[in-house]
Amino acid sequence: MTELNLPIRTERLVLRRFEASDLEAFHAYHSLPETARFLPGEAKSYTKSMETVGRYANFEFEKEGDWVALAIEAADSPGLLGEVVLKWLEGRGQAEIGWSLAPAARGKGYAAEAAVAMLRLGFEDLGFHRIDAKLDALNTASAALCERLGMRLESRQVDKWHYKGEWATEVVYALLADEWKAR
């Protein structure tokens with residue numbers, strides 16, 4: 001894999017490594033039940049937020065199972081808005097993308113802008129063949145974002161996960177490198 005050239009700058013955003021100073025903002029939105037609703041696990045405790053920010057700040061991206069976890073901040077106003085992640089999956093050239101934003105940052109196109117930058121990184125810099133997104137079917141905002149990104153709905157697996165006390169249907173969206181280039 002290629003060395004990551006960070007930070008990544010887009011029209012309105014800077015995608016960078018997490019820093020210790022991101023902890024308070026990260027915990028502020030990850031401690032909310034509305035943020036945790038579609039993420040594995042419950043709303044994060046302060047200790048769990050510290051562990052996650054530490055892991056995100058010190059990520060390595062060298063082998064299958066590794067994650068790129070980048071902080072999203074506005075280019076003209078420092079401060080954590082959310083995160084975008086890319087996980088290197090098992091199997092040749094496979095990855096998974098995800099995102100989470102603070103409530104005040106939602107609905108402004110930041111997730112789409114960050115996801116496009118991460119897809120570009122995955123396909124153009126890192127050479128992945130396929131990138132997917134796995135969602136709870138009730139997460140209609142992320143499903144709509146996947147569609148805006150040009151990802152295709154590949155599967156709908158009814159009652160695949162049991163988490164947070166109920167069964168959840170998983171939907172999988174995906175994009176191939178050739179589809180990315182043809183956009």
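The legends below describe close-up views of a predicted model.

**View 1. The largest pocket and the residues around its centre.** The largest pocket encloses about 1,400 Å³ of space. Its lining comprises 45 residues, of which Phe38, Leu39, Gly98, Trp99 and Ser100 are the closest to the centre. Strand β5, residues 94-101, makes the greatest contribution to this lining, with six residues. Sorted by class, the pocket lining contains 22 nonpolar, ten polar and 13 charged residues.

**View 2. The largest cavity and its lining.** The structure contains one cavity of 30 Å³ or more, and the space within the largest cavity amounts to about 40 Å³. His30, Thr35, Ala36, Leu39, Pro40, Gly41, Glu42 and Lys44 form the lining of this cavity. Three of these lining residues are nonpolar, three are polar and two are charged. Leu39 belongs to the cavity lining and is also among the residues closest to the centre of the largest pocket.

**View 3. A buried salt bridge between strands β2 and β3.** Arg16 pairs with Glu73 in a salt bridge whose closest N and O atoms are 3.2 Å apart. Because Arg16 belongs to strand β2 (residues 13-17) and Glu73 to strand β3 (residues 67-74), the pair ties together parts that are 57 residues apart in sequence. Both partners, Arg16 and Glu73, are buried. In total, the structure has 15 salt bridges.

**View 4. The salt bridge between Arg106 and Glu34.** The side chains of Arg106 and Glu34 form a salt bridge with an N to O distance of 3.0 Å. Arg106 is located in the loop between β5 and α4 (110-125), and Glu34 in helix α2 (residues 33-36), so this salt bridge ties together parts that are 72 residues apart in sequence. Arg106 is partly exposed, its relative accessible area being 33%.

**View 5. The salt bridge of Lys63 with Asp66, and a network of charged residues.** In the pair formed by Lys63 and Asp66, the closest N and O atoms of the salt bridge are 3.2 Å apart. Asp66 has a relative accessible area of 11%, which means that Asp66 is buried. Salt bridges with shared partners also link Glu96, Arg130, Asp132, Lys134, Arg152, Glu154 and Glu179 into one network.

**View 6. The largest nonpolar core, seen around Val68.** In soluble globular proteins, nonpolar side chains tend to be buried together. The largest nonpolar core here has 43 residues, and Val68, Leu86 and Ile97 are the members that touch the most others. Helix α4 gives the most to this core, with nine residues. When neighbours within four places in sequence are set aside, the contacts of Val68 are Leu4, Phe59, Phe61, Val84, Val85, Leu86, Met118 and Leu121. Another core, of twelve residues, lies apart from the largest one and includes Phe18, Leu23, Phe26 and Ala69.

**View 7. The surroundings of Ser142 in helix α5.** Ser142 is situated in helix α5, which spans residues 140-148. With a relative accessible area of 11%, Ser142 is buried. Beyond residues up to four places away in sequence, Ser142 touches Trp99 and Leu135. Trp99 also appears in View 1, as one of the residues closest to the centre of the largest pocket.

Definitions and conventions. Residues numbered from 1 in each chain as written. Predicted model: local features only at pLDDT ≥ 70, side-chain atom pairs only at ≥ 80, totals over all residues. Heavy atoms only, no water. 1 Å grid on protein atoms, 1.4 Å probe; cavity = no way out; pocket = protein on both sides within 12 Å on 5 of 7 lines; lining within 4 Å. Points joined across faces, edges and corners; volume = space filled by probe spheres on them. Nonpolar A, V, L, I, M, F, W, Y, C, P; charged D, E, K, R; others polar. Helix = DSSP H or I, 4+ residues; strand = E, 2+ residues; numbered from the N terminus. Salt bridge = Lys/Arg side-chain N within 4 Å of Asp/Glu carboxyl O. Buried < 20%, exposed > 50% of the residue type's maximum accessible area, 1.4 Å probe, protein only. Core = buried A, V, L, I, M, F, W, Y, C linked by side-chain atoms within 4.5 Å. Contact = heavy atoms within 4.5 Å.
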